[in-house]
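Here's a walk through the model, chain by chain and element by element. Keep the viewer open and follow along.

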Amino acid sequence: MTSSLNIFSKEEIRKALKDGSFTLHLGPFSHLLSGRGDALLDFLIDTYRDNRVEMSPSDVTDVQLSLEAPNVLRRFFRPQVTPNPGFEVPAMPLPLSMSALAHEMGLNLSVALKCCRFVNVHAGVVADDEGAIVMSAASGAGKSTLTAALLQYGYRLFSDEFALIGLDGPILHPYPRPISLKQETIPVVREMVGDNWISEVVKGSPKGDIAYYRARKRDLARDQEPAKAKLILFPNFEKGVQPIAHQLNPAEAIMRLVPASTNYSLLGEPAFRAITGLVENTRAYEISYGSTTDSLRLVEQITGKKML
Amino acid sequence: MASSGDDSSQVWTSDSSQYLSVMYDDTHLVYFKPSGETHFLNFLSFGLIDVLSEKSLTIDGLHELIQDRFSLTADDIPKSLLISTLAELDLAGLVSSKRVKEKL
Amino acid sequence: MTEKPILPDTSGADTSSSETEFDAETRRISERRQLLTLGAAGLPMMLTLKASAREVLISQLTCTVKLPQRMRILVDCDGAAWVGTRSIDYVNGKGFEVADIVKFKDKASYVFPSGTVPNNWRPDTCPIEECNNDDDDDDDDDDFDFESASAELDELMRASFSDQADGIMLASAMISRKGDDDDDDDDCDEDYVDSGYAYYQINKNTTISPADHLSGSTWSTQNNNNGLFIELSLAYEASYGNTAGWPGISCIFSIITYLGQQS
């Protein structure tokens, strides 16, 4: 029986994390988490306050993530934390104060590595009643900001990290975790949504300053509602660049989506069918822009849905 | 096994049950099941595997059939281009060849 | 002030709506001829999609298990196994200390039922009769130097294996190599047992790649010490699924999921 995290006391949550029984339910996955320290606790209480959780798992979980010291020494002396999803991952230890980042990285790695029920594509996804917009781009290309911006115009959050494409039909599945914001995007999004929605900034991380825009209750409430794709975008933010959109043919879209997938080769034939199914009847555009407003205007023009 | 060029004793073949394909205009996305690899083929390379899936042919036979299929001439599709394209397809496993005994 | 964005460029889209069928076919033939000219000049006629570096790096099948602490495994003749961290002393000429075995079993973190462990990891020798010891002279081990016996054991184990990267030491080999021992008359010793158990140790931070034990789409555990870990992992997964606890269970589970989806 799941409940909102915010009904539990800090001590209850701390104990469950320490015991390794804390279970977070989100989208198609359940996550068993363990870890220590106030940094992790405060982050979860703040940023995951509206998420469905259990203090002990009622069923087998998809993801098991332990946030732990890399060795005994580092538990006590200049404490560090590293995500451990139960197998070797390319993640370096971080100071304990960056537990938020370790947590988010750990979940990303777990889903990217473990998930075999979906084709994973590195992309932001939002959706309205007409369907989902898949925004595939490398880190730093602006997809998180665009994702956050679209949420202010009637779209709901599916994910800012993964497009989860179903294997039994080209459907996108929501996985609305907090949107990670880096460096300059933090003040941009903060201005968009207000302080209350942005976590404390994790300063000095290997990726620079990082903060998280927590998922809205109404998006979490619909995390079991998938959607068909209506549009595929390949966004590229570059300061000062004139906004332009260039439509891609399906072959070009596939050529970009496949390398952005974390498990296309592994899944093989089902992934081939899923990706080709996704681009069928779905327009794809490459968009370049120098500001959030320009990006929204481009989406507005492409979709025909008035936003600004 | 890669072919060694224009060898009239070689017969080429393909097997359409070994791959899935989707067509986008003149581009074909092909998923080859045995290797798990995904390839983009153009009209010529796909045309070759399509034809060879129906009938095993020598280079000469294939050259003739392909010209007919696409309403093109031998000048448009030099035999050397056919051979090099078959070599690419062979490397990917999409076609294979075998030697046939010449009739006495 | 931002200029109004340029309308979507439809250069990649179908623009043939105003073309006649004849024009479209003519255009197509012309484009094909251009492509063939490029092909004759060396342009490849096909392109293979490569997995991204990220996918290769984090490929599910290449997940590895790194043991967070030393693991010791005790296996009996029936293929039952106990997994824990306590050490079991082995005394040259006598065998494993029974008290250690009892404690090990009692404190084991994981217990696997009979039949779990395949034959190649079971002990070489199994007891054939109950111990019926009339002579208790050797029971008193107070004067026995366990520490150096254990150290001797460690040293012998280290010397036995050239592949230190495995970090796994096989104690039952020691039993079968006991060889010249004039204690044949003292096989029955209530405080020691020199047959019926195989004892394995995997060092902390040992990295094991489950995918090394795959043959195509089926498991084919290598007949080495890493293989034992994989066998136990599979047994754990079969009973408990992907619940947390067994080191690297997520890795094993993800491979099993992948294999299940290939069949």
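## Hairpins in chain B

Let's start with a residue pair: Y31(B) sits opposite T38(B), which belongs to β4(B). Keep in mind that this is a predicted model. The pair is part of a longer match, with β3(B) and strand β4 (residues 37–41) of chain B running antiparallel over 5 bridges. Those two strands make a hairpin with 4 residues between them. In that turn, G36(B) takes a positive phi of about 75°.

β3(B) has a partner on the other side of the sequence too. Strand β2 (residues 19–24) of chain B is antiparallel to β3(B), and 6 bridges join the two. If you want a register marker, S21(B) has V30(B) in β3(B) as its bridge partner. Here again you get a hairpin, this one with 2 residues between β2(B) and β3(B). D25(B) is in the turn and has a positive phi of about 55°.

How many residues of strand β3 (residues 27–32) of chain B are buried? The count is 5 of its 6 residues, so the strand is mostly covered.

## Confidence in chain B

On the predictor's side, chain B has a mean pLDDT of 90, and 88% of its residues reach 70 or more. Which element of chain B has the lowest mean pLDDT, and which the highest? Strand β5 (residues 96–99) of chain B has the lowest, at 90. Helix α1 (residues 43–54) of chain B has the highest, at 97.

## Where chains A and B touch

Moving across to the neighbour, 10 residues of chain A are in contact with 11 residues of chain B. On the chain A side, the elements that give two or more residues are α8 (250–257) and α10 (269–279) of chain A. By class, that side of chain A splits into 5 nonpolar, 4 polar and 1 charged.

## Sheet and helices in chain A

Chain A holds an open sheet of 7 strands, in the order β1-β4-β2-β3-β5-β6-β7, with mixed pairing. At the edges are β1 (3–4) and β7 (94–95) of chain A; each has a single partner strand, so one side of each has no neighbour in the sheet. Take the β7(A) edge: strand β6 (residues 80–84) of chain A is antiparallel to β7(A), and 2 bridges join them. There you'll find Q80(A) opposite P95(A) in β7(A).

For a helix pair, look at α5 (residues 143–151) and α6 (residues 185–193) of chain A. They pack at an angle of about 0°, with their axes 10 Å apart. That angle makes α5(A) roughly parallel to α6(A). From α5(A) the contact uses S144(A), T145(A), A148(A) and A149(A), while α6(A) brings T185(A), V188(A), V189(A) and M192(A). In terms of class, this contact has 5 nonpolar residues, 3 polar ones and no charged residues.

## Chain C in outline

The secondary structure of chain C comes to 7 helices and 13 strands. Of the 263 residues in chain C, 29% are buried. Sequence separation is worth a look as well: among chain C contacts between residues at least 6 apart in sequence, 72% join residues at least 24 apart.

One of its sheets is open, with 3 strands in the order β5-β6-β9 (chain C) and antiparallel pairing. β5 (90–91) and β9 (192–193) of chain C stand at the edges with a single partner strand each, so each has one side without a neighbour in the sheet. Strand β6 (residues 95–97) of chain C is joined to β9(C) by 2 bridges, and the two run antiparallel. Within that pairing, E97(C) has Y192(C) of β9(C) as its bridge partner. Helix α3 (residues 98–106) of chain C lies across β6 and β9 of chain C, at about 60° to β6(C).

## Zooming in on W82(C)

Last stop: W82(C), in strand β4 (residues 81–84) of chain C. Why does W82(C) count as buried? Because W82(C) has 22 C-beta neighbours inside 10 Å, and 20 or more is the cut-off for buried.

Leaving out residues up to four places away in sequence, W82(C) touches L74(C), F104(C), K105(C), A108(C) and V111(C). V111(C) is 29 residues from W82(C) in sequence, but their C-alpha atoms are 4.6 Å apart in space.

Notes
Residues are numbered from 1 along each chain as its sequence is written. Chains are lettered from A and ligands numbered from 1 in the order in which they are written. This is a predicted model: local features need pLDDT of at least 70, side-chain atom pairs count only at pLDDT 80 or more; totals for chains, interfaces and linings use all residues. Two strands pair if DSSP finds at least two bridges between them. Two residues are in contact if their C-beta atoms, placed from the backbone, lie within 7 Å. Axes are lines fitted to C-alpha atoms, for helices over the stretch in contact, and angles run from 0 to 180 degrees between N-to-C directions. Ala, Val, Leu, Ile, Met, Phe, Trp, Tyr, Cys and Pro count as nonpolar, Asp, Glu, Lys and Arg as charged, and the others, Gly among them, as polar. Angles under 35 degrees count as roughly parallel, over 145 as roughly antiparallel, 65 to 115 as roughly perpendicular and the rest as oblique. A residue is buried if 20 or more other C-beta atoms lie within 10 Å of its own, exposed if 12 or fewer, and partly exposed in between; C-beta atoms are placed from the backbone. pLDDT is the predictor's confidence in each residue, from 0 to 100.
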